Amino acid sequence: MKKTVAVLLLAACATAPKWQKEGATEQGVAADVKLCEVQAPVAPRIQGTQGMPSGIGGERKAAFNTMAEREGDRMQKDEKFVAECMRGKGYSEK
């Protein structure tokens, strides 16, 4: 569980990359980022537990851990998609 919490905290605290492209305005960059975010494939949310319950809290603890891991994976995939989309538009990270 400590690993899961650490991943979520790290993801929450991470700042979004700053994108730059010659001649791009701040509003243009924001619009392109939003467009890339909207185009990101949306994976369906999976309900229920996956894996075996363990320790105090049993099934609820296992459900929280697997949910947190799935959400962490979703966030990483979304960030990767947006980064690839922005690079495809000619941007680079600052």
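Okay, let's start with a twist: the link between Cys36 and Cys85 is left-handed, with -75 degrees about the S-S bond. That link is a disulfide, and its S to S distance is 2.0 Å. Before I go on, please keep in mind that what you see up there is a predicted model.

So what does that disulfide tie together? Cys36 sits in helix H2 and Cys85 in helix H3, so the pair connects parts that are 49 residues apart in sequence. For anyone who needs the chemistry, a disulfide is a covalent bond between the sulfur atoms of two cysteines. How many disulfides does the count come to? Just one. And are Cys36 and Cys85 buried or exposed? Both of them are buried.

Now, the surroundings. Cys36 and Cys85 also belong to the largest nonpolar core, which has nine residues in all. Their companions there are Trp19, Val29, Val33, Val82, Ala83, Met86 and Tyr91. Two elements give two or more residues to this core: helix H2, running 26–39, and helix H3, running 58–88. Which one gives the most? That would be H3, with four residues. As background, nonpolar side chains in soluble globular proteins tend to be buried together.

Let me pick one core member, Met86. If you skip its neighbours within four places in sequence, Met86 is in contact with Trp19, Val29, Val33, Cys36 and Tyr91, and also with Asp32.

That last name is a good one to stop at. Asp32 is in helix H2. Asp32 is buried, and yet it has no salt bridge. Where is the nearest side chain of opposite charge? It belongs to Lys89, and it is 4.3 Å away. A salt bridge here needs the nitrogen within 4 Å of a carboxyl oxygen, so that pair doesn't qualify. Lys89 does show up among the contacts of Asp32, though, along with Met86 and Tyr91, again leaving aside neighbours within four places in sequence.

Last stop, a residue with a different setting: Pro41. You'll find Pro41 in the loop between H2 and H3. Is Pro41 buried or exposed? It's exposed, at a relative accessible area of 55%. Even so, Pro41 has partners from elsewhere in the chain: setting aside neighbours within four places in sequence, it is in contact with Asp78 and Phe81. And if you look at Lys77, which is 36 residues from Pro41 along the chain, the C-alpha atoms of the two are separated by 9.0 Å.

That's my tour, thanks for listening.

Key. Residues are numbered from 1 along each chain as its sequence is written. This is a predicted model: local features need pLDDT of at least 70, side-chain atom pairs count only at pLDDT 80 or more; totals for chains, interfaces and linings use all residues. Side-chain values use heavy atoms; hydrogens and water are left out. A nonpolar core is a set of buried Ala, Val, Leu, Ile, Met, Phe, Trp, Tyr and Cys residues joined through side-chain atoms within 4.5 Å. Buried means under 20% relative accessible area, exposed over 50%, partly exposed in between (1.4 Å probe, protein chains only). Contact means heavy atoms within 4.5 Å. A disulfide is a pair of cysteine sulfur atoms within 2.5 Å. Lys and Arg count as positive and Asp and Glu as negative; His and the chain ends are not counted.
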